Amino acid sequence: MGKGKGNKDRRVQFTFPSLSYRCTTVEVTLRDASVTSAPGVNWYVGGHPFYSTSTHKLYGELLHSVARTTIYELDDGFGSAGKLRLCSPEHLAPVFLMWPGRIFDVNLLDAEEPEVPMMDGSALPFFSRLRREAGVPQELSFYDAPVRDEWELSRPGEAAYGCVRIAPSEAFEVDYRLTSVDSAVSVAIYSAEDLFAEFMARTFISEKDYREAREAGLLAGVDESCGLLLPDGSANKNLYRVDEEPARHKVLDLLGDIAFVCPSLPKVRIEILNGGHVAHHQIVRRLLPYVALRNPSQVG
């Protein structure tokens, strides 16, 4: 497979609005793995180390919450109230699945505005630019995950609104269904080519929810170009970039939440009805005991 362009470190910056800020920058430096430097993704906030996938057993030390995006916090003596925050990595993290044998240093340059830029609401701009530096995608990395479980999704005092089922599989497979926008997709990931459709899928929101969020002071950084804006009362599938784009984007979010731990995919089949980041992190917790980057020396 491709090895990139020489051995020199390569650096790429993405500057664009994020969910909350009109301008944020994330810098990605690509380095070649070696005998002394293991492959993986190293995340920094304002230059301070935040999390490294090469030490994924420390993932449990991160605090996480959800507010339309994934938010991680680390007690590290920096930032507000002694914590570093890292927000919205879920559209960038899946891109690193394409090169599991390489090293990526990812730095959110402003510790006061620690959000990954939204770009167009998909992973495609990140992949397209990094592809020019990293070269041909490598063979994907998978790990065995003998997890078998199912549970309902609900809020305290309310009836269940969805459910999750997970079982072992030969690759990474997902059935994702969203009743709110009548979108459903079945995805089987065996190779890098299988990820492209998910990378293209944009985040989405209805016009009503968008107006209400802006009136409440939320989504201050973004506009209609940062995702798929769905007119009220209709799925409007003719606006989709790829078929079943809303469900595919939820698969992208799931890939991002899993890949943030380690650029390797579990061999599982996951069925999700009306999920989101909360459900994804429930899945991640069940996968953590089995996470591994398999045979990176054989990749590339």
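At what angle do helix α4 and α5 pack, and how far apart are their axes? I looked this up in a predicted model. I found an angle of about 40° between α4, residues 245–259, and α5, with the axes 9 Å apart. I therefore put the two helices down as oblique to each other. I noted the crossing of α4 and α5 as right-handed.

Next I listed the residues that make this contact. On the α4 side I have Lys250, Asp253, Leu254, Asp257 and Ile258. On the α5 side I have His277, His280, His281, Ile283, Val284 and Leu287. By type, the residues of the contact divide into 5 nonpolar, 3 polar and 3 charged. The spacing in these lists made me recall the helix repeat. An α-helix has 3.6 residues a turn, so residues three or four places apart point the same way.

**Burial of α5**

How many of the residues of helix α5 are buried? I count α5 as residues 277–287, and 8 of its 11 residues are buried, so the helix is largely enclosed by the rest of the structure. The buried ones are His277, Ala279, His280, His281, Gln282, Ile283, Val284 and Leu287. His277, His280, His281, Ile283, Val284 and Leu287 I had already written down for the contact with α4.

**Cysteines**

I looked for disulfides and found 0 in the structure. I then checked two cysteines one by one. For Cys87, the closest cysteine sulfur is in Cys23, 16 Å away, which is too far for a bond. The cut-off for a disulfide is a pair of cysteine sulfur atoms within 2.5 Å. Cys87 is buried, with a relative accessible area of 2%. For Cys226, the closest cysteine sulfur is again in Cys23, here at 12 Å and also too far for a bond. Cys226 counts as buried at 4% relative accessibility.

**Positive phi**

I turned to backbone angles in residues other than glycine. Arg68 has a positive phi, near 65°. I placed Arg68 in the loop between β5 (63–66) and β6 (70–75). Is Arg68 buried or partly exposed? Its relative accessibility is 48%, so I entered Arg68 as partly exposed.

Ser88 also has a positive phi, near 65°. I found Ser88 in the loop between β7 (83–87) and β8 (103–108). Ser88 counts as buried, at 6% relative accessibility.

**Two strand residues**

Which residues does Asp175 touch, leaving out those up to four places away in sequence? I have Val185, Ser186, Arg269, Ile270, Glu271 and Ile272. Asp175 sits in strand β12, residues 172–178. Its relative accessibility is 19%, and since buried means under 20%, I entered Asp175 as buried. I also looked up Val187, which is 12 residues from Asp175 along the chain; their C-alpha atoms are separated by 6.4 Å.

Last I went to Leu273, in strand β16, residues 265–273. Leu273 is partly exposed, with a relative accessible area of 24%. With residues up to four places away in sequence left out, Leu273 touches Leu153, Tyr161, Gly162, Cys163, Arg177 and Thr179. I also checked Leu273 against Tyr190, 83 residues apart along the chain. The C-alpha atoms of Leu273 and Tyr190 are separated by 23 Å.

Notes
Residues are numbered from 1 along each chain as its sequence is written. This is a predicted model: local features need pLDDT of at least 70, side-chain atom pairs count only at pLDDT 80 or more; totals for chains, interfaces and linings use all residues. Side-chain values use heavy atoms; hydrogens and water are left out. Buried means under 20% relative accessible area, exposed over 50%, partly exposed in between (1.4 Å probe, protein chains only). Helices (H or I, at least four residues) and strands (E, at least two) are DSSP runs, numbered from the N terminus. Axes are lines fitted to C-alpha atoms, for helices over the stretch in contact, and angles run from 0 to 180 degrees between N-to-C directions. Angles under 35 degrees count as roughly parallel, over 145 as roughly antiparallel, 65 to 115 as roughly perpendicular and the rest as oblique. A crossing is left-handed if the near helix is turned anticlockwise from the far one by less than a right angle, and right-handed if clockwise. Contact means heavy atoms within 4.5 Å. Ala, Val, Leu, Ile, Met, Phe, Trp, Tyr, Cys and Pro count as nonpolar, Asp, Glu, Lys and Arg as charged, and the others, Gly among them, as polar.
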